[in-house]
Amino acid sequence: MSLDVEGLSVRRGRREVLAPASFALPPGCVAGVVGPNGAGKSSLLAAVAGLLPAEGRVHWQGRPLVPQQVGFLPQCFAVKSRLTVLECLLLGLRESLGWRVQPAQVAAAERMLARLGLSQLSDRPMEALSGGQQQLVLLAQRLLRRPVLLILDEPTSALDLHHQVQVLRHVRAHAEETGGVVLTALHDLTMAARFCDRLLLIEAGTLTAEGPPAEVLDEPRVTRIWRIDIEILASREGHPVIVPH
Ligand SMILES: Nc1ncnc2c1ncn2[C@@H]1O[C@H](COP(=O)(O)OP(=O)(O)OP(=O)(O)O)[C@@H](O)[C@H]1O
């Protein structure tokens with residue numbers, strides 16, 4: 001496996017907010033982290049990224065994961081910066097920037113903006129963008145570095161349906177092109193089932209299920225955990241579609 005997580009647990013104050021969790025994900029995998037509010041999804045993601053003190057082990061291809069291998073997009077942001085969108089993307093490459101920004105780096109940043117349909121925002125200051133536009137630019141910044149482990153905390157929370165689909169497609173393409181792993185928290189279970197290869201289900205601080213979406217999202221389980229009456233249909237491609245009654 002590419003990513004091996006063993007006995008990862010997190011305490012916040014005196015409370016254990018994530019009980020020891022173990023899972024492994026293969027190269028090219030997009031894994032969705034699902035669960036109700038406060039379940040521990042962000043805690044798991046931040047701990048895997050090495051941004052939150054945690055017990056346990058996180059290995060990438062048999063060796064301890066190092067920060068340079070990770071691209072992390074947090075849940076909350078409101079960028080109050082006068083940097084332009086293009087400058088923001090280049091800043092994401094700071095480890096490889098010399099005294100002068102190379103034309104190839106600018107070209108790569110411009111290509112990434114074009115890929116995400118953001119070219120027209122290139123010269124705009126970050127502080128003058130909408131929440132959804134900022135979210136897209138910050139994702140583009142992470143993608144540009146091509147991290148082998150991309151960790152996203154609700155990357156579609158501010159996006160309209162078109163951009164949700166675009167982002168999840170780009171994230172899938174990133175995993176396929178880099179052979180890396182994407183770990184992403186998502187609240188929309190239907191979108192998670194459509195775009196993720198596997199789901200990790202967190203309930204009250206415990207990883208209680210892990211596997212293909214159709215196995216993890218069964219009707220009694222979703223009804224119990226999210227406390228709503230639902231029906232699960234199948235899309236044309238056979239992905240689960242969650243319909244609340
Ligand atoms: N800074 C903090 N200090 C203490 N407890 C915290 C802190 N941040 C989160 N918690 C607690 O840790 C638990 C897990 O929170 P976490 O943010 O990981 O959940 P989540 O599943 O990501 O929730 P959401 O879907 O609402 O974003 C919650 O009970 C929360 O109250």
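This passage walks through the two open sheets and one helix that lies across strands. The model is a predicted one, in which local features need pLDDT of at least 70, side-chain atom pairs count only at pLDDT 80 or more, and totals for chains, interfaces and linings use all residues. Numbering of residues starts from 1 along each chain, following the sequence as written.

One sheet is open and built from 6 strands, in the order 6-7-8-3-9-10, with mixed pairing. Here strands (E, at least two residues) and helices (H or I, at least four) are DSSP runs counted from the N terminus, and two strands pair if DSSP finds at least two bridges between them. Strand 6 (70-73) and strand 10 (206-211) sit at the edges with a single partner strand each, so one side of each has no neighbour in the sheet. On average, neighbouring strands are turned by 15° against each other, direction ignored; the axes behind such angles are lines fitted to C-alpha atoms, for helices over the stretch in contact, and angles run from 0 to 180 degrees between N-to-C directions.

At one edge of this sheet, strand 6 pairs with strand 7 (residues 149-153) in the parallel sense over 4 bridges, and Gly71 has Leu150 of strand 7 as its bridge partner. Helix 5 (residues 161-178) lies across strands 3 (30-34), 7 and 8 (181-185), running at about 155° to strand 8. Contact means that C-beta atoms, placed from the backbone, lie within 7 Å.

The other open sheet has 4 strands in the order 2-1-4-5, and its pairing is antiparallel. Strand 2 (15-25) and strand 5 (63-64) are its edge strands, each pairing on one side only. Strand 1 (residues 3-12) meets strand 4 (residues 55-60) in the antiparallel sense over 5 bridges, with His59 in strand 4 as the bridge partner of Asp4.

How values were computed. Two residues are in contact if their C-beta atoms, placed from the backbone, lie within 7 Å.
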